[in-house]
Amino acid sequence: MSDLFLGFDFSTQQIKVIAVDGDLNVKYDEHVKFDTDLPEFGTENGAHIHADKITVTAPTVMWVKALDLLLDKMKNAGFDFSRVAAMSGDGQQHGSVYWKKGARSILQNLSADKSMYDQLKDSFAIPESPIWMDASTSSHIKTLEGAVGGPLELAKITGSRGFERYTGLQIMKIVETNREGYNNTERISLVSSFGASLLLGDYAPIDYSDGSGMNLLDINKKTWSSTCLEVCGPGLAARLGDPVPANTVVGSVSQYLVSKYGFRADCKVIAFTGDNPASLAGLAPSEGDVIVSLGSSDTVFLWIPRATPSMDGVIFVNPIDQATFMGLVCFKNGSLSRAAVMERCAGGSWDTFSEMLQKTPPGNNGNIGLYFDVPEIQPVVMGTYRFDEHNKQVESFPPEVEVRAILEGQFLARLMYAQKCGLTIGPSTRVIATGGASANSSILQVIADIFNVEVYVTDVPNSAALGGCYRAIYALAPKGSSFSKVINPAVEHQPVCTCKHSPGLEKAYQPMLERYRQLEEQVTTLYQANQGNK
Ligand code: XUL
């Protein structure tokens, strides 16, 4: 029987596992959903939202019990653990786990006749893990940004300005509000390194890529920033351990898992990473690819050679190649805003929407629209703004102009922020579109024309868990192998070139990008001034 490789995804709502063989064929998948499979923890979508609405946590032991349940399900289904050569995985980014003094020795000496939950349930100094949905650390952002010389300086060091959910700020809050809990902590894991620790039976290190989501790691030097550590918590370096590249073999599977489930003793555990970096790996990209994920929110992932810090977007160390970086920009107004225009202007039909798009030329005769139905992340603005070819604000557009305006407005913004994050478009740049709206070829054509590149489409369900499988395979490949050579999915799973850019359109779109930038600045300034006056 050939080797298998496992990828675990500790996401917000569930733990998922996928097994692939050495030819990248998916052989098995299973999951445990927190709300329904473990109702005793009383989570809603995997989280506890506290009374203040901005504090959001998850019970750490729920993740332990979920892993017990998942492994039991696999065993009951007859999964052959002895075929697993290596495994890796990911966790929701930014969430953190606080192991109590003495927990390491319990973790190292688990007994196979009890569950991990039974043995580890009292091992956490802070029972509720802060997770990425938390927004309760605004004052801590000011402290950290202030200490390093402002938000841009923090971005230069750590890849991101301060964000409430980032782990360093969450730690600073714990030091302030629960000093006893912090003093009782011997090790802090991210959700990702926590997942790896449970497989390893020891503390697994934090990897550089997920470590980039903490406002603590110097992403160029690949060491903790001593200034950030000092501001966030006393004795923090010792509690975090040294970070490692994402493709590090952190050890062999725990004796507990060997005895209880029949893993082979030499099965390797590869460092876990964050879910977004893992998704990048799961999409099997090539260097320089731009991934545009079109979902209820739109996310642009970039594989970039250098870190270009900015106030918008974030930069992580690249999980595939630690000498390069991964940029990520997320936009809240994605498919839902497009669908609202489709409903309003095209009678609820995407086919009609596409036909209407053909009635206006690329560039929309100079009309530009900005559609932010919910508060946007960047720019910080809300509302709908329409401008004619003379930059005069107008109340409405004819329906066919509106249809083109929303697409052009959104993808000019995607391009502009991707460029701020370090995107340079060269002859080999590909846009890989994924997510629900990537099935709509008229939307893809607008992307191809605005980015001035070919657009490929890929549909990879569970790309994060799959990224764990791929990273496990890659970590065992000979040193120096290129990821895209080792991870080369069968042709039917490769991205397909779906749209070529129309020649000559950069003449229309380059000046339009500059106009978009100015108009966006104008509406944002006005919006923020109005908010300030309220
Ligand atoms: C990324 C982020 C989320 C989490 C949860 O910065 O906060 O995408 O990783 O999936």
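**Domains.** Start by colouring the protein chain by domain. Domain 1 covers 4-277. Domain 2 is made of 281-333 + 422-499, and domain 3 of 335-418 + 504-533. Keep in mind that this is a predicted model.

Now show domain 2 and domain 3 together. Their C-alpha centres lie 25 Å apart. Across the boundary, 26 residues of domain 2 are in contact with 30 residues of domain 3.

**The largest nonpolar core.** Next, select Leu 216, Leu 236, Leu 240, Ile 447 and Phe 451. These belong to the largest nonpolar core, which has 123 residues, and they touch the most other members. Add helix 17, residues 399-420. Helix 17 gives the most to this core, with 12 residues.

Zoom in on Leu 236. Which residues does Leu 236 touch, not counting residues up to four places away in sequence? Show Ile 171, Tyr 182, Ile 188, Leu 216 and Leu 229: those are its partners. Leu 216 therefore appears twice on this stop: it is listed among the core residues that touch the most other members, and it is a partner of Leu 236.**A second core.** Another core, of 58 residues, lies apart from the largest one. Select Ile 15, Val 84, Leu 198 and Tyr 203, which are among its members.

**Helix 9.** Stay with Leu 198 and select the helix around it, residues 191-200. Is helix 9 buried or exposed? 10 of its 10 residues are buried, so the rest of the structure largely encloses helix 9. Show the side chains along helix 9: the buried residues include Val 191, Phe 194, Leu 198, Leu 199 and Leu 200. Ser 192, Ser 193 and Ser 197 are buried too, as are Gly 195 and Ala 196. Then step to Gly 201, which follows helix 9 and has a positive phi, near 70°.

**Helix 14.** Move on to residues 275-282. Helix 14 is mostly covered, with 6 of its 8 residues buried. Which ones are buried? Pick out Pro 277, Ala 278, Ser 279, Leu 280, Ala 281 and Gly 282. Just after helix 14 comes Ala 284, which takes a positive phi of about 50°.

**A patch on the surface.** Finish outside. Turn on the surface and select Ile 49, Trp 132 and Met 133. Together they make a nonpolar surface patch of about 270 Å². To place Met 133, find the loop between strand 9 (128-130) and helix 5 (138-148). Why is Met 133 described as partly exposed? Its relative accessibility is 31%, and partly exposed covers the range between under 20%, which is buried, and over 50%, which is exposed.

Conventions
Residues are numbered from 1 along each chain as its sequence is written. This is a predicted model: local features need pLDDT of at least 70, side-chain atom pairs count only at pLDDT 80 or more; totals for chains, interfaces and linings use all residues. Side-chain values use heavy atoms; hydrogens and water are left out. A nonpolar core is a set of buried Ala, Val, Leu, Ile, Met, Phe, Trp, Tyr and Cys residues joined through side-chain atoms within 4.5 Å. Buried means under 20% relative accessible area, exposed over 50%, partly exposed in between (1.4 Å probe, protein chains only). Helices (H or I, at least four residues) and strands (E, at least two) are DSSP runs, numbered from the N terminus. Contact means heavy atoms within 4.5 Å. Patches are made of residues with over 30% relative accessible area and no salt bridge: like charges are joined within 9 Å, nonpolar side chains (Val, Leu, Ile, Met, Phe, Trp, Tyr) within 5 Å. Accessible areas come from the Shrake-Rupley method with a 1.4 Å probe; for residues, only the protein chains shown count as cover. A salt bridge is a side-chain nitrogen of Lys or Arg within 4 Å of a carboxyl oxygen of Asp or Glu. Domain bounds come from an automatic or database domain assignment.
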